[in-house]
Amino acid sequence: MNNALTALEARIHADLARTAHPEAAWLTPRLGPDDRPALDVLVVGAGQSGLAIAFGLMRSQVSNILVLDKSEKGQEGPWLTYARMHTLRSPKHFTGPDLDIPSLTYQSWHEARFGEENWRRLDLIPRALWAEYLLWFRRIVDLPVRNGCEVIEISPAAGGLLAAKVQTSAGIDTMFARKIVLATGQEGMGDWIIPESLRHLPLSLCAHTAQPVDFTSLRGKQVAVIGAGASAFDNAAAALEAGAAEVHLFCRRAEIQVIQPYRWLTFRGFLRHFCDLDDAWRWRFMRAILEMREGFPQATYDRCARHANFHLHEGAPIEAAKETARGVELQTPRGVFSADFVICATGIDMNFAGRLELQNCAANIAVWADRYQPPMDERSPRLGRFPYLADDYALRERVAGDTPWIADIHVFAIASTMSFGPSGSSINAMTTAVPKLVHGLTRGLFRADIERHWASFRAYDVPQAVVGRQKPAMGEER
Ligand SMILES: Cc1cc2nc3c(=O)[nH]c(=O)nc-3n(C[C@H](O)[C@H](O)[C@H](O)COP(=O)(O)OP(=O)(O)OC[C@H]3O[C@@H](n4cnc5c(N)ncnc54)[C@H](O)[C@@H]3O)c2cc1C
């Protein structure tokens, strides 16, 4: 390790020690049905969100926690798996998991690794470095993370606890926790979408962006990319750079969307107080933003546009797809196109029933469509399927009383977006959204223990000072 990094790590420990107040432990572990102490919080997902949440909890002296991830260490989230851009899309100065501790920011780490001049000259953060930073962050703040552990079922357990069934290479274990946070990423409450018209195609001809794609096999081939967000361009670029003969990108809209609504909303007022708005305003804003979808940075576009064999088709939704002897025939209002392989960059959809973790409550999770009827011109069945979360990011019941235990399952993902605005699945919202979630978790834990706190207060008899009383003088006694 270089000297600058060693010095930075020492500074971080000093910064954390200086800002640790109040340090008193305030939680007493509850015993689970297995007679072992249950966790106060189990965080599912060790991507950037899970790590930041765990850090926030530890800073609040909630340290009886565990973070689980089904991936191997270093393979969490998209960065070294299915992300196909060279650099992050967000500006380099956006802070995130550091939760506003300057020495823990990406910038501090980058400067310690590569020097201040290198940071000044850096345009966007290389994604592999972001992944490396996250691993460093996890080590330096000493987070309790276990990899290779997939939560495959959550159910209620005795004593108001939750039971999480965890699949590991050694078998199935059951862990008990007072609260569970699902920081399970973009597809955490559903899955990636393949448009209806393409769903019948085999995997050998069609994949979505989160699936593995062997780009070397696309050399000399005709590739179709469906969608026009940043991931669509990343995948088109990866195919072009791998030597595809032609890449055709099909955009449903008449004109491609080049505005980035997430830039507009990046101000403290929106990020912090969006969730305090009434349903009508929350729906109006997030429907407009999520229907617009995210724009793509210039560099993302340029990476494709520099290839003469890249073709952008606007106003070209895929109406039908036919498997042929050669590959696929795609029918669009702009004509019929042939492709050897299709990549769908069409985002995610909510589908609670499709997630193992949610199998015991999927049908009773309240969604926006249950709670709010928008005006005709603001309808969106897709967004109506987003969970309608409580103010601590907890799931709410569709039918009260059927699954009351879901009030201890908190969701921090793209699925939280309709209720909270940018929160999970966004670097720029982390410094406002993670503390809000941590606040909700500590509030729940504190309230649930109020009888114990009262008893503890009543039993508290530690004198803060010793008072010396003079003996009464002779003759003053009565
Ligand atoms: C290609 C791509 C590029 C992006 N680029 C940017 C960008 O430049 N800037 C920006 O601000 N945002 C970006 N985002 C959005 C967002 O920052 C990322 O999606 C980010 O990974 C979200 O972090 P997360 O921790 O919420 O989820 P993830 O990083 O996806 O982590 C979720 C983790 O949960 C684990 N998991 C899921 N289910 C289970 C289970 N049942 N049991 C155990 N573990 C489980 C997964 O293995 C995964 O590691 C990008 C997203 C994508 C997909």
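**View A. Tyr393, a buried residue with a positive phi.** In this predicted model, Tyr393 counts as buried, at 0% relative accessibility. The loop between α12 (381-384) and β17 (409-411) is where Tyr393 lies. Although Tyr393 is not a glycine, its phi is positive, at about 70 degrees. As a reminder, most residues other than glycine have a negative phi.

**View B. Ser425, a partly exposed residue with a positive phi.** Here we visit the loop between α13 (417-420) and α14 (430-448), which holds Ser425. Ser425 is not a glycine either, yet its phi is positive, at about 60 degrees. With a relative accessibility of 23%, Ser425 counts as partly exposed, because the buried class ends at 20% and the exposed class begins over 50%.

**View C. A cis peptide bond leading into Pro22.** Look for the link from His21 to Pro22: this peptide bond is cis, and its omega is near -5 degrees. Pro22 has its place in the loop between α1 (3-18) and β1 (39-44). For context, most peptide bonds are trans.

**View D. An aromatic cluster that includes Trp109 and Phe114.** One aromatic cluster is formed by Phe55, Tyr106, Trp109, Phe114, Trp119, Trp130, Tyr133, Trp136 and Phe137. The structure as a whole holds 31 aromatic pairs. One of them joins Trp109 and Phe114, with ring centres 6.3 Å apart and planes at 90 degrees, so this pair is edge-to-face. Trp109 is buried, its relative accessible area being 1%, while Phe114 is partly exposed at 32%.

**View E. The edge-to-face pair of Trp264 and Phe267.** Trp264 and Phe267 also make an aromatic pair, with 5.3 Å from centre to centre. The planes of the two rings stand at 90 degrees, and the pair is edge-to-face. Phe267 has a relative accessible area of 38%, which means that this residue is partly exposed.

**View F. Charged side chains over tryptophan rings.** Two places are worth a visit here. Lys92 has its charged end over the ring of Trp119, 4.6 Å from the ring centre. Trp119 is also one of the members of the aromatic cluster in View D. In the second place, Arg284 lies over the face of Trp281, and the distance to the ring centre is 4.7 Å.

**View G. The open sheet β12-β13-β14.** Three strands make up this open sheet, in the order β12-β13-β14, and their pairing is antiparallel. At the edges are β12 (320-323) and β14 (335-339), each of which pairs on one side only. From one strand to the next, the twist averages 20 degrees. β12 and β13 (residues 328-332) run antiparallel and are joined by four bridges. To find your way along this pairing, start from Ala320, whose bridge partner in β13 is Gln331. In general, strands of a sheet pair through backbone hydrogen bonds.

**View H. Two buried cysteines in a model without disulfides.** Cys149 is buried, with 7% relative accessible area. Cys275 counts as buried too, at 17% relative accessibility. How many disulfides does the model have? The count comes to zero, because no pair of cysteine sulfur atoms meets the cut-off of 2.5 Å.

Conventions: Residues are numbered from 1 along each chain as its sequence is written. This is a predicted model: local features need pLDDT of at least 70, side-chain atom pairs count only at pLDDT 80 or more; totals for chains, interfaces and linings use all residues. Side-chain values use heavy atoms; hydrogens and water are left out. Buried means under 20% relative accessible area, exposed over 50%, partly exposed in between (1.4 Å probe, protein chains only). Rings of Phe, Tyr and Trp (its six-membered ring) pair if their centres lie within 6.5 Å; planes under 30 degrees apart count as stacked, over 60 as edge-to-face and the rest as tilted. A charge sits over a ring if NZ of Lys or CZ of Arg is within 6 Å of the ring centre and within 35 degrees of the ring normal. Helices (H or I, at least four residues) and strands (E, at least two) are DSSP runs, numbered from the N terminus. Two strands pair if DSSP finds at least two bridges between them. Axes are lines fitted to C-alpha atoms, for helices over the stretch in contact, and angles run from 0 to 180 degrees between N-to-C directions.
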